[in-house]
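Q: Please take a close look at one residue of this structure. Begin with the whole, then narrow down to that single place.

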Amino acid sequence: MKLRTKIQLYTTVMIVLTLIVVNIFVYISFKNNAIRSEVHQLENRAINIIKELEKSNKTKRDNEEIIVNHLLSDGSVTVVDKSNKRKLQIMTKQQYRNLIENYKEKQTDKYITRGDHHFVMVSVPVLWEDKETVNLQIYENIDMKHESFENLKWILIGSTIMVTIITFILNMIITHSILKPIHLLINKMSKIHKTKGYEKIESVENTSKELDDLTDTFNLMMKRLSEQEEKEQSFIANASHELKTPITVIKSYSEMLKRFGKTKPEVLEEGLDAIHEEAKRMSYLASQMLQITSFHDQSKNEEVRSFELINVLQRIVKKLSVTHQRNIEFKTHIKSLNAKLNQEQFIQLITIFIDNAIKYSDKDVVISLNQRNKNVILQIEDKGIGIPAESLDKIFNRFYRVDKARTRKTGGSGLGLYIAKEIAQTNDIGIDVQSELSQGTTVKLTIKEQYIEIFN
Ligand SMILES: Nc1ncnc2c1ncn2[C@@H]1O[C@H](COP(=O)(O)OP(=O)(O)OP(=O)(O)O)[C@@H](O)[C@H]1O
Ligand SMILES: [Mg+2]
């Protein structure tokens, strides 16, 4: 069901139901009050008759005279004895002839309908001739009153129908004006959807805060999507560019091998070496790229648990110094340190920086772990080739390498620091790189206090 129809239907039904309940209440209260006031008048009349009967001589003639005096312009008085027999009946019209109620010990009243006529009756016990107790039943025709009840009923039904129609029309106008900006937004959004673009939408004029928020959120989403697509496009472009070189090398060497491989052993040797090197490079590139896509797997990023960081660092240092046949010094005053991070990602992060320090320097690499304020600073320092100042803000970009020719030889893909940045961001680790050309590079990683527990 459309939102518009829903709002219209719900509000109209609610208002009409409320109106019906209120109108029924008004009708019943009005009718009851009117009947009660008639009954009350009849009671007063009965009291007056009783008073006069007490004062009189209690002869049949006297009694009759008193009752005639008190007869209503349209009504009757009936005297009923204990055996429910009519002792006396005085009436203004024949319609009262059959009106008789059974004898009751107490005072009673009643609303009676006979055919098209409506009456109220009050019955009171009185002392009649010979001290006999009888019921004095006074009847009054209230057809006029009843007509006014009927009128009221139709007025209320009519007003309910009128209010229903008015509510429905007003509702239509209001919902239309409320939903108009939403429809405008939907139209704009679907236009953007059809053009497959990432356009922003202007906020609709004179609209509500909620719709402004919706527009802003939509625009933010569009911005994110367009950035994401741009990122993906450039990643694909960069990746295919990076893969092109090894593929070209493999292709040309394999062609050479086809032609001369069987006859010239030195060509065979060189060709196989080159193909093997490039294949290794491609496999490294592919694994790095896979690494990047795995960051989109949120569940992996959430595997956070506590581990002893110094132990882990010592293990990484040992492993890297053995594999690269290089001396790596590790210094710290901290005895033990528990870190609450994603251990796997932390190892990867440190490996990327130590790997660079080893790759871009010939001298020893120094790693130190110190406490500053309440945070912990992990420093990786090399005395290598350094990074030129103008490249410092680019080294974290994908596939960026300061010296492409040189890093080709060292086998770098230019993805290491990009991966490091992503890991640092997910684990809330700060990175600061200081470097001077031909002097060396110092990387400082800040692990915030909330993720660590230090034991000295
Ligand atoms: N410690 C360092 N000393 C000098 N230059 C560095 C250092 N670390 C990074 N760089 C420069 O920054 C570039 C980007 O580094 P990054 O680690 O992202 O890529 P890579 O080392 O070339 O390849 P990968 O790490 O993917 O194998 C490097 O190519 C290098 O030019
Ligand atoms: Mg690297």
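**From the whole to one residue**

A: About 28,200 Å² of the protein is exposed, and carbon and sulfur atoms supply 56% of it (areas by the Shrake-Rupley method with a 1.4 Å probe, where for residues only the protein chains shown count as cover). This is a predicted model, in which local features need pLDDT of at least 70 and side-chain atom pairs count only at pLDDT 80 or more, while totals for chains, interfaces and linings use all residues. Residues are numbered from 1 along each chain as its sequence is written, chains are lettered from A and ligands numbered from 1 in the order in which they are written, and side-chain values use heavy atoms, with hydrogens and water left out.

There are ten helices and 13 strands in the protein (DSSP runs numbered from the N terminus: helices are H or I, at least four residues; strands are E, at least two). The C-alpha atoms fill a box of roughly 155 × 60 × 45 Å along the principal axes.

The residue to look at is N63, which sits in helix α2, residues 60-69. N63 is buried, at a relative accessible area of 2% (buried is under 20%, exposed over 50%, partly exposed in between, with a 1.4 Å probe and protein chains only). Across the protein, 38% of the 456 residues count as buried.

Apart from neighbours within four places in sequence, N63 is in contact with L53, S56, K58, W128 and E129 (contact means heavy atoms within 4.5 Å). From C-alpha to C-alpha, N63 and I50 are 10.0 Å apart in space, and 13 residues separate them in sequence.
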